[in-house]
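Let's take a stroll through this protein chain and look at how some of its pieces are held against each other. Have the 3D view ready, since we'll be hopping from one spot to another.

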Amino acid sequence: MKEQKPKGGRRAPEGPNAPEGGWGWMVVAGCFLATICIRAVTRCVSMFFVEFQMHFEKDYSTTAWIHSLIDSTTMLCAPLGSFLGNRLSCRVTVMLGGLLSSAGLVLSSFASSVEFLYISLGVITGLGFALSYTPAIAIVGKYFVERKALAYGIALSGSGIGTFLLAPTVQWLIEHYSWRGALLILGGIVSNLCVCGALMRPLEDIEFQKSVFNQEVVATFLIKTNILKMEDFGFILIPSFLILSVSFLFLAYGCSSPVVYLVPYALSVGVDHQHAAFLMSTFGVSGIVGNITFGWITDRKCLKKYRMACYMVAIAMEGLCCMFIPFLHSLSLLVLLSALYGYFDGAYVTLIPVVTSDTVGSSYLTSALGVVYFLHGIPYLLSPPIGGWLVDQTGTYMTTFFLSGASFMLSSSVLAAAVFFRYVLMMCERTNGKKQCTAQVNLSDFLSFFPKRKN
């Protein structure tokens with residue numbers, strides 16, 4: 001089988017050569033299961049918040065560092081996952097991450113202090129998730145082009161489905177086996193990342209035949225590997241990617257705290273533990289709908305140019321929902337808002353790898369996602385403890401939720417400002433040297449600030 005090698009010696013054919021199905025759907029299934037094991041489990045760590053706080057007798061801010069560390073480590077080490085995914089293959093990297101994250105959860109069940117959990121749950125489990133998450137998502141983009149958004153919608157809906165199923169399950173496990181037993185069982189569940197990795201077959205396997213495996217072949221391979229190291233991150237200085245990165249920083253700060261404090265807030269207004277867990281389930285199942293519907297809709301020919309606009313709307317609506325949370329004190333209203341919040345959360349989560357791919361091209365997708373998730377790291381680290389500190393200082397959750405909502409709105413505003421600036425530049429270019437304005441810029445040109453790059 002003839003192998004196509006673009007500049008830099010990349011191994012797998014991409015873009016138009018992607019199979020658009022076949023084993024690609026098994027890869028989607030693997031990514032779906034991986035997001036259950038990674039993102040859904042990370043969300044459900046918030047179910048342990050009150051248990052940790054009571055057992056170790058710590059305040060909100062100190063306890064919040066546990067969740068922020070697991071989230072931030074996952075994101076800060078995402079480039080490492082990208083690097084190993086490019087070198088060892090996505091399959092091997094995801095399986096290594098599964099072993100490491102499972103070990104971290106098992107160790108956490110023996111924790112004797114909050115500091116122990118910082119290391120075992122925050123660092124070890126987070127590092128394992130980092131190795132698995134980016135390669136699992138990136139390989140989906142290598143198998144699909146025309147149906148990329150739908151494939152990602154299905155794959156990333158695992159986060160919502162997993163949250164829907166795991167939230168009440170984790171609460172039940174805590175009640176029957178204590179938080180230690182629940183963490184031990186979660187460690188067993190997460191070990192299934194090894195199964196997920198096994199499904200992620202490279203698009204093309206390169207085999208060196210023994211008859212040609214000589215010093216010249218090895219030397220050529222090493223030279224190409226060095227070229228790859230230099231070219232893997234050549235997308236970083238693309239202006240549109242830089243603007244997208246700034247937006248991601250605000251987004252990352254906004255999306256962490258609400259998930260951590262939704263259950264504690266519900267408990268503070270009189271909702272019992274089981275119903276509070278139901279809020280997380282509602283958040284999860286509505287996220288599934290957001291994943292799939294936005295994935296399917298933005299794959300339509302008439303809307304492909306408006307993917308960035310859809311993404312901007314989703315995060316702006318997420319911000320509004322976040323700001324409304326502290327005004328609701330009844331279970332029914334909290335369930336309704338959790339559904340809306342989860343829907344738009346699922347929508348933008350699906351579109352993150354899509355708009356990233358549209359910005360940098362699929363050839364850079366693995367490395368670009370590593371950088372994108374790395375940018376989430378510091379905000380993920382700081383957001384929950386800052387939110388906890390605000391709760392400790394004010395005695396209410398209002399400031400915490402308002403600050404997160406404002407971050408969502410700023411994220412959308414950065415992109416909106418970039419779109420408007422591009423529109424002005426395009427109008428200036430069309431009217432340059434002319435006394436009268438030319439025809440108006442098309443709406444599709446106005447909304448597609450990040451023009452789709454060739455895959």
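Is Arg307 buried or exposed? Keep in mind that we're looking at a predicted model. In this model, Arg307 has a relative accessible area of 2%, and anything under 20% counts as buried, so Arg307 is buried.

Now for its partner. Arg307 makes a salt bridge with Asp358, with 3.2 Å between the closest N and O atoms. Asp358 is buried too, because its relative accessible area is 9% and the cut-off for buried is under 20%. Along the chain these two are 51 residues apart: Arg307 belongs to helix α12 (residues 307-324) and Asp358 to helix α13. There's also a third member to find here, as Asp299 joins Arg307 and Asp358 in a network of salt bridges.

What's the idea behind such pairs? Side chains of opposite charge can pair when their charged atoms come close.

How many salt bridges does a search of the whole structure find? It turns up 4. Here are some of them, side by side:

| Pair | Closest N to O distance |
|---|---|
| Asp71 and Arg39 | 3.1 Å |
| Arg43 and Asp345 | 2.6 Å |
| Arg307 and Asp358 | 3.2 Å |

Take the Asp71 and Arg39 pair, which meets in a salt bridge. Asp71 sits in helix α3 (residues 60-76) and Arg39 in helix α1 (residues 24-44), so this bridge ties together parts that are 32 residues apart in sequence. If you go looking for the two, note that both Asp71 and Arg39 are buried.

Helix α1 shows up again in the Arg43 and Asp345 pair. Arg43 lies in α1, while Asp345 lies in helix α13 (residues 331-360), and the two are 302 residues apart, so to speak of distant parts of the chain is fair. Both Arg43 and Asp345 are buried as well.

Let's leave the charges and watch two helices cross. The axes of α5 (residues 90-108) and α6 (residues 114-143) come within 8 Å and cross at roughly 160°. Angles over 145 degrees count as roughly antiparallel, so that is how α5 runs relative to α6. The crossing itself is left-handed.

Which kinds of residues make up the contact of α5 with α6? There are 15 nonpolar and 10 polar ones, and no charged residues.

Terms used. Residues are numbered from 1 along each chain as its sequence is written. This is a predicted model: local features need pLDDT of at least 70, side-chain atom pairs count only at pLDDT 80 or more; totals for chains, interfaces and linings use all residues. Side-chain values use heavy atoms; hydrogens and water are left out. Axes are lines fitted to C-alpha atoms, for helices over the stretch in contact, and angles run from 0 to 180 degrees between N-to-C directions. Helices (H or I, at least four residues) and strands (E, at least two) are DSSP runs, numbered from the N terminus. Angles under 35 degrees count as roughly parallel, over 145 as roughly antiparallel, 65 to 115 as roughly perpendicular and the rest as oblique. A crossing is left-handed if the near helix is turned anticlockwise from the far one by less than a right angle, and right-handed if clockwise. Ala, Val, Leu, Ile, Met, Phe, Trp, Tyr, Cys and Pro count as nonpolar, Asp, Glu, Lys and Arg as charged, and the others, Gly among them, as polar. A salt bridge is a side-chain nitrogen of Lys or Arg within 4 Å of a carboxyl oxygen of Asp or Glu. Buried means under 20% relative accessible area, exposed over 50%, partly exposed in between (1.4 Å probe, protein chains only).
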